[in-house]
Amino acid sequence: MLARHALPDPEALAAAVAARDRAALARSLNLLDDKRPQARRAASRFLATLPGERLNTAGHLIGITGPPGAGKSSLTSALIEVWRRRQLAVGILAVDPSSPLSGGALLGDRLRMLAHDQGGSNVFIRSLACRGEFGGLSAEVWPMSLAMLAAFDIVLIETVGVGQKEIDISKMSDTTCFVAQPASGDSIQFLKAGIMEVPHILVVNKEDMGAAARKTLTELRTTLKKQIDPDGWQVPALSVSATTGSGIEKLADVIDSHRRWLTEHQLLATRRKRFQGEWILKRLREEFGRFGIEQLGGEPLLFESLTQRQGSPFDLYDSLRDQFLANWKRTT
Amino acid sequence: MEKTKRDKPWLMRTYSGYASARVSNELYRTNLAKGQTGLSVAFDLPTQTGYDSDHPLARGEVGKVGVPIGNIGDMETLFEQIPLGKMNTSMTINATAAWLLSLYVAVAERQGFTPVQLEGTTQNDIIKEYLSRGTYIYPPGPSIRLITDIICYTVKNIPKWNPTNICSYHLQEAGATPVQELAYALSTAITVLDAVKESGQVNPEDFEQVVGRISFFVNAGIRFVEECCKMRAFVELWDKITRERYGVQDEKMRRFRYGVQVNSLGLTESQPENNVQRIVLEMLAVSLSKNARARAVQLPAWNEALGLPRPWDQQWALRMQQVLAFETDLLEYGDIFDGSMVIQAKVDALIKGAEEEMARVQENGGMIPAIETGYVKRQLVTSHTERMRAIERGDLQIVGLNCYKETAPSPLVSEGESSIMKVDPNAEREQIERLNAFKAQRNQAEVNAALANLAAVAKTGENIMPASIRCAHAGVTTGEWSQVLRDVFGEYRPPTGIDISLQEESPSAIVKLVRERVRSTGEELGRPLRILVGKPGLDGHSNGAEQIAVKARDVGFEIVYEGIRLTPQQIAKAALEEGVHLIGLSVLSGSHLELADEIFKELGKAGLADIPVIVGGIIPVEDERVLLSQGVAAVYTPKNIDMNTIMLDLVDIIRQSNGLQPFEQKAA
Ligand code: B12
Ligand SMILES: Nc1nc2c(ncn2[C@@H]2O[C@H](COP(=O)(O)OP(=O)(O)O)[C@@H](O)[C@H]2O)c(=O)[nH]1
Ligand SMILES: [Mg+2]
């Protein structure tokens, strides 16, 4: 009984996670979810103990987003199948919507992701409820993705996909895939209008639906001609079918080629170093609004300093939070 | 007294089968001697889901809820001294229907009959398996193909066979309203007939014959006037569809032919004797209208919610039918509702509602896409949730369950013991021994050739039946036949439908209290409370798990639910990865002891021995004691209808297992 509510030893836990111990990983995800002060302290130490070199240079953190029903979970399932054949260890974080009324949530992606699972799969899936967060993620996603990155070759995050514009995931993953629903022009409109940030890879799923899928792909390709991401990566668009499996191998290859491109251009580590700043900024923005950010020195400055600073993201966040609250008390 | 001319009564059946082919054969012969006029075979879950008795997934399920039929040897024993050429046999079989029909044909041939002489029914409606009954195996496409092949084969070779019984019965058991029952059953019938047409296996001029062979399996609930109207609506709608969509000229071929099992969902564990009234009233719904009367009726027993019926319980159910048919004057009249404006108005309203819902199914692309996207399943879960909420509020009164609860001790159920059928615990071991003996004496070369032929046929569009009958004669087993098709067709898991949107009227005080406790306990434990609702084994009864999951989300839990038919390993894996605070198992198939035991073992291996486990479902009192002594934290059965109380319990169980003081002080 005791073992269950006693907090785990953070250093031992980090070592076990790095050694791919699944039970330890599960426990570490529980710890990263735990909001009690003593748990936060343990979680900070846990994150600080994870192999930093690995977190900066190894593995592949993939984000998958797109409108609900586009087939993100089904596609993930099909990709898992390919990665398993390639003998890669895979971890998944799947974010589902929470009920605004009760806070309750149905963690339903898991079912679809195991569709291709005939019992033999070793893929590790943790579901998360978005718990009122905007942008299709939840606050726990990024810290949890670090623990998973320490244990697996591939870590995939599926977002809620509440609206097509929300693409927060691109700020917290190496490679972002946007899954479009055939015959729904919305995403194309958003792209054209520049409201939607450009993902790294555009996927039209449900190729088996025929004409509608082909039409959407053509439209996307025309729109994309002008789209190059800020780093200079030319965004590819391809069509696949999660149901029939067509195009999935190709998609896995394209995803992998973006990872290679990032390393070749020495962009991977820089990219990952930004995640921490983005994550803390998002927390502060959600808690204190733009006003709070201004109070703390403004976004560019704050972001700059966050990327430079060492230490646990929880500690950094907590100290900025305290700083704001202290300022605020003084002024009121 | 002068003898009045009476109509011929319907076929009277009892749905039965258990333990072994030998034991079931004896039961059938006794039942026939008691005046039963047809057979209705219940198969065990391994047979229905295509596994041999020695398969790991079959553990604990062999011979439990039906008879295990693994090969032609078992089938011969099942019908020993029952001449199949003179019998009318209904088989509740779906994903493996083509196989069981092949065994039936092969046995008839060995008894000296030809297929042309055979009469009976294969349920063979795999569509509703995805929505309610749960014994699907293959994806929708191949399932439709199997249904089609059986229809095309029987129309040519077994002309008196009912190749498919399109089922609305199971939809009502999963919560469907009368309108939904009408709409989804008829949409399924359309999907099937369209597929037969498209397959090109039947000449256009013979298509009327196909339409004429389609029969239905319908439910009748306690609102018996409305149910009576529903049957009349079915008759009118089917006549219209077959005329307008398929151009059937012959009036006889357009007739809505149906069999019935009356509602069981409303039968209670509390004061179970009241179920007798319910069953009798429900039987009226399908017999009163001469123009919409059932062709065959089977009734559940008074102890339906307690467990499996014993022969005496089933005899009582059969006698209800006999009293209605032979003592009352029902069969002496023409249609007693013709010309009633009240009845016709209700029929018209049902027809209108059904046509609107059928149109929505078409908007979703037809029945198959509407299943794949989860549309239909969500509609059913929504209806069932509304039913549960109405019971909770007391708007839907169920005597003895949520009102008039006081009762004198019942002489039918003795204290601390369940009045149900207990299957011999040796049945599984003995069945495996018979399987091994059977395999040892068969000609392996012939088996291999028949299986290779089956695989080849499955890959082409050729009819599956001849290859399957060859397998039957060769001594192929149920597991082998199904595995060949699993390899060719793949497997499928349909949507669970629990992702429904819940409308919030103003929550009741009790709901507010539950939410507050869930929230504050989550805060005390550092993170929101998470529950895994698991359905281990081959059990397909999903209602309870779905309703618990929907309710738990509604009061603020984060829920992991992966649908039916999971292995203990899969459940333990999900519990670990998802970091849940509690595991709730739902088992209605009777294999709770074996499954709970295996799950405890798996949890131990995963280092999760301290997560509390609770079990819900059909759990006899004596088994409840065993489960609690093995460490199960709580057991819930159908009498625990108050979901809010269950939720409050769950919070306290989580609190206790985490060293927090429970909110309620339970009397020891
Ligand atoms: C509805 C029903 C069906 C429906 C199921 C639809 C569906 N998708 O669920 C249909 C018609 C498909 C069906 C089919 C069969 N059925 Co049936 N069915 C029933 C019936 C009538 C009601 C069950 C039900 O849904 N109740 C409503 C729900 C809400 O209640 P519940 O599940 O009991 O849940 C409550 C509690 O038990 C508890 N609970 C349950 N689970 C959990 C989990 C958690 C975490 C918690 C906290 C609580 C909890 O809380 C719930 C709220 O009160 C029962 C008899 C009865 N009246 O109980 C027979 C019954 C369960 N069926 C039975 C049988 C044998 C079958 C078949 C196997 C027959 C056959 N041989 O083919 C088939 C095949 C099904 C399969 N694939 O496994 C037997 C089982 C016998 C046994 N255990 O020994 C029963 C008992 C009938 C009988 N007496 O013969 N069935
Ligand atoms: N026809 C077709 N349907 C698909 C495909 N992929 C997913 N679906 C269906 O689309 C629906 C939504 O899929 P899901 O993976 O849950 O989408 P998500 O909400 O984006 O995660 C389901 O009904 C799937 O069966 C595909 O490639 N082809
Ligand atoms: Mg999804």
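Biologist: Which atom of ligand 2 does the side chain of Ser74(A) sit by, and how far off is it?
Modeller: A polar side-chain atom of Ser74(A) is 2.5 Å from an oxygen atom of ligand 2. Keep in mind that this is a predicted model.

Biologist: OK, how did the predictor score the complex?
Modeller: It gives an ipTM of 0.93 and a pTM of 0.95. For chain B, the average pLDDT is 95, and 98% of the residues score at least 70.

Biologist: Back to ligand 2. What does Lys206(A) do there?
Modeller: An N or O atom in the side chain of Lys206(A) is 2.9 Å from an oxygen atom of the ligand. There's a backbone contact too: a polar backbone atom of Ala70(A) lies 3.3 Å from an oxygen atom of ligand 2.

Biologist: And how much of ligand 2 gets covered?
Modeller: On its own the ligand has 580 Å² of accessible area, and the protein covers 81% of that.

Biologist: How many residues surround it, and of what classes?
Modeller: There are 18 residues around ligand 2, and the closest are Gly69(A), Lys72(A), Ser74(A), Arg112(A) and Asp208(A). The shell splits into 8 polar, 6 charged and 4 nonpolar residues. Helix H6 of chain A, residues 72–85, gives the largest share, 3 residues.

Biologist: Why call the site around ligand 2 shared?
Modeller: Because the residues surrounding ligand 2 come from chains A and B.

Biologist: Switching to ligand 1. Which residues are closest?
Modeller: Glu304(B), Gly307(B), Gly540(B), His541(B) and Leu588(B) are the closest of the 44 that surround ligand 1. By class, that shell has 21 nonpolar, 19 polar and 4 charged residues.

Biologist: What are the polar contacts of ligand 1 like?
Modeller: Here are three. Tyr15(B) puts a polar side-chain atom 2.8 Å from an oxygen atom of ligand 1. A polar backbone atom of Ser542(B) is 2.8 Å from an oxygen atom of the ligand, and one of Arg133(B) is 2.7 Å from a nitrogen atom.

Biologist: Which elements give two or more residues to that shell?
Modeller: They include helices H5 (127–133), H21 (543–554) and H25 (643–657) of chain B, along with strands S13 (582–587) and S14 (613–617).

Biologist: One more thing: how far apart are the end C-alpha atoms of H15 in chain B?
Modeller: They're 27 Å apart, and that agrees with the 27 Å expected for 19 residues at 1.5 Å a residue. Its buried residues include Tyr375(B), Leu380(B), His384(B) and Met388(B).

Biologist: What follows H15(B)?
Modeller: Gly394(B), with a positive phi near 90°.

Definitions and conventions: Residues numbered from 1 in each chain as written. Chains lettered and ligands numbered in written order. Predicted model: local features only at pLDDT ≥ 70, side-chain atom pairs only at ≥ 80, totals over all residues. Heavy atoms only, no water. pLDDT = per-residue confidence, 0-100. Helix = DSSP H or I, 4+ residues; strand = E, 2+ residues; numbered from the N terminus. Expected span 1.5 Å × (residues − 1). Buried < 20%, exposed > 50% of the residue type's maximum accessible area, 1.4 Å probe, protein only. Near = heavy atom within 4 Å. Polar contact = N/O pair within 3.5 Å; in protein donor to acceptor, adjacent residues only side chain to side chain. Areas by Shrake-Rupley, 256 points an atom, 1.4 Å probe, with all protein chains shown as cover. Nonpolar A, V, L, I, M, F, W, Y, C, P; charged D, E, K, R; others polar.
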